[in-house]
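Open the model in your viewer and keep the selection panel at hand. The tour moves from one selection to the next and says what is there.

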Amino acid sequence: MALLEIRVLGDPVLREETRPVEAVTDEVRQLVDDMFETMYAAKGIGLAAPQVGRTERIAVVDVDGARYALVNPEIVAADGKRRGEEGCLSIPDIYADVERNAHVVVRALDRDGKSFEVDAADLLAVCLQHEIDHLHGKLFVDYLSVLKRRAAMAKWAKEKDRYPGYVRTIVPGESDSEHPEEEL
Ligand code: K1U
Ligand code: ZN
């Protein structure tokens, strides 16, 4: 497995539409495994392929042990509303409240190419929506009001110089986030 570099806001890959995966090959499984490793090292609860510079429609999530590799995920049902704080590994140190559906059903292919559905509520539902947005070039800051987005971008303008070339190199153990490491 390998740790991948994370692309940060300003890298055009984060705004691209992804392309559906045609077959879940060993190469796809390798990417999934590397994305999990990178997500855990960055202490995130999710990660989408564009965040590691890839254009395949792939995301991974692990919310309190609910761990999913999602190939070609799509939301097939959604209801309710919920407002909660979000962050993004591609916009480090920026957090804001976002309104999302409180409950979603997501259909995807797993690491073996088998179709499955996940019926999610609370933070898992939010994380799935956040990751699926990434696969369509959308970021959580896009949901903010003009004023809040302006404040977020002003903060980011001060942060972004820490990431030359829009690249964030993950050093295991260096993230300030509270998300626990994967249990062995
Ligand atoms: O896709 C990503 O950028 C990962 C992102 C996922 C996410 C976090 C919070 C709400 C929705 C989606 C993160 O893992 S950010 C770091 C984190 O663990 C976190 C941040 C704020 C609240 C809860 C968790
Ligand atoms: Zn994100």
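Start with helix 2. Its buried residues are Leu 124, Ala 125, Val 126, Cys 127, Leu 128, Gln 129, His 130, Glu 131, Ile 132, Asp 133 and His 134. Buried means under 20% relative accessible area, exposed over 50%, and partly exposed in between, with a 1.4 Å probe and protein chains only. Helices (H or I, at least four residues) and strands (E, at least two) are DSSP runs, numbered from the N terminus.

Some ground rules before the next selection. This is a predicted model, where local features need pLDDT of at least 70, side-chain atom pairs count only at pLDDT 80 or more, and totals for chains, interfaces and linings use all residues. Residues are numbered from 1 along each chain as its sequence is written, chains are lettered from A and ligands numbered from 1 in the order in which they are written, and side-chain values use heavy atoms, with hydrogens and water left out.

Stay on helix 2. Eleven of its 13 residues are buried, so the rest of the structure largely encloses it. Place a distance between its end C-alpha atoms: they are 19 Å apart, in agreement with the 18 Å that 13 residues should span at 1.5 Å a residue. The expected span is 1.5 Å times one less than the number of residues in the helix.

**The zinc site**

Now select ligand 2. Which residues coordinate the zinc ion? They are Cys 88 through SG, His 130 through NE2 and His 134 through NE2, at 2.0 to 2.3 Å. Donors are N, O and S atoms within 2.8 Å of the metal (3.2 Å for Na, K and Ca); water is not among the atoms, so sites may look incomplete. The donor residues are spaced C-x41-H-x3-H in sequence. Cys 88 and His 130 link distant parts of the chain, 42 residues apart. Cys 88 sits in the loop between strand 5 (82-86) and strand 6 (96-100), while His 130 belongs to helix 2 (residues 122-134). Are these two buried or exposed? Cys 88 is buried, at a relative accessible area of 8%. His 130 is buried, with a relative accessible area of 8%.

An α-helix has 3.6 residues a turn, so residues three or four places apart point the same way.

**The loop at Asp 93**

Go to Asp 93, in the loop between strand 5 and strand 6. Asp 93 counts as partly exposed, at 22% relative accessibility. Its phi is positive, about 75°, although Asp 93 is not a glycine. Most residues other than glycine have a negative phi. Add Ala 152: its C-alpha is 9.8 Å from that of Asp 93, with their positions 59 residues apart along the chain. Then jump to Asn 72 in strand 4. Asn 72 is not a glycine either, yet has a positive phi of about 55°.

**The hairpin**

Select strand 7 (residues 103-109) and strand 8. They run antiparallel, joined by seven bridges. Two strands pair if DSSP finds at least two bridges between them. Arg 107 has Glu 117 of strand 8 as its bridge partner. Five residues lie between the strands of this hairpin, and Gly 113 in the turn has a positive phi of about 80°.

Show the side chains of strand 8 (residues 115-121). Phe 116, Val 118 and Ala 120 point to one face and are buried. Ser 115, Glu 117, Asp 119 and Ala 121 point to the other face and are not buried.

**Helix 1**

Select helix 1 (residues 26-41), whose 16 residues reach 22 Å from first C-alpha to last, close to the 22 Å expected. Twelve of the 16 are buried, among them Leu 31, Phe 36 and Tyr 40. Their cover includes strand 1 (6-7), strand 2 (46-48), strand 3 (58-63) and strand 4 (66-79). After the helix comes Lys 43, with a positive phi near 60°.

**The whole chain**

Zoom out. The protein chain has three helices and nine strands, in the order β-α-β-β-β-β-β-β-β-α-α-β. Its C-alpha trace spans about 45 × 40 × 30 Å along the principal axes. Buried residues make up 47% of the 184.

Notes
Contact means heavy atoms within 4.5 Å.
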